[in-house]
Amino acid sequence: EARAVAAAIQERLLPTLRDDERLLLDGGRTTDPDDGTFHREPAEQHKNYSTNRQVLEKFARCCEECGGFRVS
């Protein structure tokens, strides 16, 4: 399962994400830098959680090399 996650990130997500973009929790993308603002309004709370290409690449590598996921 971890390898399938890695493959999905590498094959489906990374090719669509530019180096200067952040991926937001709602699936949206932005080139605005994360300024650390905590958004309290429900319509803007998705802005509190984002990631970038470098983090996703690192996570995909981790998924390829780990022994899998375990929920305990």
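## A walk through the model

Start with the whole protein chain shown as a surface: it exposes about 5600 Å², and carbon and sulfur atoms supply 49% of that area. Keep in mind as you go that this is a predicted model.

Now switch to a cartoon. You should find two helices and three strands, and following the protein chain along its sequence gives the pattern α-β-β-β-α. The radius of gyration is 14 Å, well over the 11 Å that the globule rule gives for 72 residues, so the protein chain is more spread out than a compact globule. Turn the C-alpha trace to view its principal axes, along which the span is about 40 × 30 × 15 Å.

Next, colour by burial. Buried residues make up 22% of the 72 residues. To see the largest nonpolar core, select Ala 2, Ala 6, Ile 9, Leu 13, Leu 14, Leu 17, Leu 23, Leu 56, Ala 60 and Cys 63, ten residues in all. Two elements, α1 (2-13) and α2 (53-65), each give two or more residues to this core, and α1 supplies the largest share, with four.

Stay in the core and centre on Leu 17. Which residues does Leu 17 touch once its neighbours within four places in sequence are left aside? Show Arg 29, Asn 52, Arg 53 and Leu 56: Leu 17 is in contact with each of them. Across the protein chain, 57% of the contacts with a separation of 6 or more are between residues 24 or more positions apart.

For a last stop, select the charged side chains. There are 11 positive and 14 negative ones, and the centres of the two sets lie 4 Å apart.

Key. Residues numbered from 1 in each chain as written. Predicted model: local features only at pLDDT ≥ 70, side-chain atom pairs only at ≥ 80, totals over all residues. Heavy atoms only, no water. Rg over C-alpha atoms; globule rule 2.2 N^0.38 Å. Buried < 20%, exposed > 50% of the residue type's maximum accessible area, 1.4 Å probe, protein only. Contact = heavy atoms within 4.5 Å. Areas by Shrake-Rupley, 256 points an atom, 1.4 Å probe, with all protein chains shown as cover. Lys, Arg positive; Asp, Glu negative; His and termini not counted. Charge placed at Lys NZ, Arg CZ, Asp CG, Glu CD. Core = buried A, V, L, I, M, F, W, Y, C linked by side-chain atoms within 4.5 Å.
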